[in-house]
Amino acid sequence: MRDMGGDQIEQAVAGAVAVLRAAAGERDWSVKAGRLDWSCRRTAEHIASDLISYAGQLAGRPTDRYVPFRINCGECESPDDVLDVIEATGTLLAAAVRTTPREARAFHPYPFRSANREGFAAMGITEVLLHTHDIAEGLGIAYEPSARLCEDVLTRIFPHVQPGPDHWRTLLWATGRGELPGRAPVTEWRWNNNLVIPAERLTLQGITPAAAADLQAGGTGGFEWIDGGPCENTRFSAGIVIKAYETGVHRPEWGVFVLVRTEDGRAIGGMGFHGVPDDEGRAEVGYDLEEPARGNGYATEALRALSTWALARDDVKLLCAKIDHANAPSQGVVSRAGYTWVREDGEQYVYELRRS
């Protein structure tokens, strides 16, 4: 799977600075940046502030707040000076991403209060691309970043946005900066870092469309799997995520989670939902564990954590699981997780867990 990391941050910053530096000495940077209320210079300073802020989050790794510092560009005498700061802060974020362990997470408020190194890289790149567009629009110059960079951020922190034929135009539309045929204008937007649900000995890590596409194609999805993984059921489930994403109905918290063992960071299976809750608040769960990890209680532990998270929501009243008659170990998992047998459905037993 193509990484979202330091190389992409440096590519985004280099492309932005090259375009803006050509206009640094001959344009009025006090004019408004596109549709923003900020000036072009203020917007450039904001890019640098975002980059250093994200680097600080990855370096300090706070879990409940931003590291309390801000960059000050007051001594920058010209737009060229501010662009130098953007280059420096971009380099710092790239270094922080490269040196942060894959499993580490730090505070970010939206939507699930944390992000990993890939999320901070994607957010930093998005800030660079979008605000360079704003500045270029204000200065009256042309700017269009790499389509691959736009696809990278869309498939990682915009999983709820249906892909379009042009990645750059889709990103502009998704952030209220442009139009797409057949789609209503966007007036409010947020990006969406992946949800991680903690359990005792593992974490359930929601997969992004980028990871799902790689799993479906035979890759690892960016995870380090135990021997034999991932299994075909996980790859099949990843394909369902991709289909939902491509049709614009994917809701990431109701997708697929990879089970990652805390002690060694190895992926040991998959678990998730067959779709969003229905009108009656009912959602179906499914799971599979890699052969070497079975018999250790991991599936039961993960199912308890996922079920607790789901039933704490206002839109969920009932969870169900359908287990083949012959699959006694899986029947034991749902029973230990608190589910109750309710009926037969063809060659399967149906178990349910209701909100208490």
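How far apart should the ends of helix α4 be, given its 23 residues at 1.5 Å a residue? The expected span is 33 Å, and the end C-alpha atoms do lie 33 Å apart, which agrees. Keep in mind that this is a predicted model.

**Helix α4 and its ends**

The helix runs over residues 117-139. Of its 23 residues, 20 are buried, so α4 is largely enclosed by the rest of the structure. Buried here means under 20% relative accessible area. At the N-terminal end, N116 acts as the cap, with a side-chain oxygen 3.2 Å from the backbone nitrogen of E118. After the helix comes G140, and its phi is positive, near 75 degrees.

**Strand β7 and its partners**

Now for the sheet. Strand β7 covers residues 266-273, and seven of its eight residues are buried, so this strand too is largely enclosed by the rest of the structure. Its pairings look like this:

| Partner of β7 | Sense | Bridges |
|---|---|---|
| β5 (residues 224-225) | parallel | two |
| β6 (residues 256-261) | antiparallel | five |
| β8 (residues 282-289) | antiparallel | five |

To find your way around, start with E224, which stands opposite R266 in β7. G269 of β7 is a handy landmark: L259 stands opposite G269, and G269 in turn stands opposite L289 in β8. Between β6 and β7 there's a hairpin with four residues between the strands, where G265 takes a positive phi near 70 degrees.

**Two cavities**

How many cavities of 30 Å³ or more turn up? The count comes to two. The largest has a volume of about 60 Å³. Its lining is made up of R156, P159, N192, N193, N194, L195, G206, I207, T208 and P252. By class, that gives four nonpolar, five polar and one charged residues.

The second largest cavity holds about 50 Å³ of space. Around it sit N116, E118, G119, R156, I157, N193, N194 and T208. The elements giving two or more residues to this lining are α4 and α5 (147-157). Sorted by class, the second lining has one nonpolar, five polar and two charged residues.

That brings us back to the start of α4: N116, the cap residue, and E118, whose backbone nitrogen faces that cap at 3.2 Å, are both among the residues lining the second largest cavity. R156, N193, N194 and T208 appear in the lining of the largest cavity and also in that of the second largest.

How values were computed
Residues numbered from 1 in each chain as written. Predicted model: local features only at pLDDT ≥ 70, side-chain atom pairs only at ≥ 80, totals over all residues. Heavy atoms only, no water. Expected span 1.5 Å × (residues − 1). Buried < 20%, exposed > 50% of the residue type's maximum accessible area, 1.4 Å probe, protein only. Polar contact = N/O pair within 3.5 Å; in protein donor to acceptor, adjacent residues only side chain to side chain. Pairing = 2+ DSSP bridges. 1 Å grid on protein atoms, 1.4 Å probe; cavity = no way out; pocket = protein on both sides within 12 Å on 5 of 7 lines; lining within 4 Å. Points joined across faces, edges and corners; volume = space filled by probe spheres on them. Nonpolar A, V, L, I, M, F, W, Y, C, P; charged D, E, K, R; others polar.
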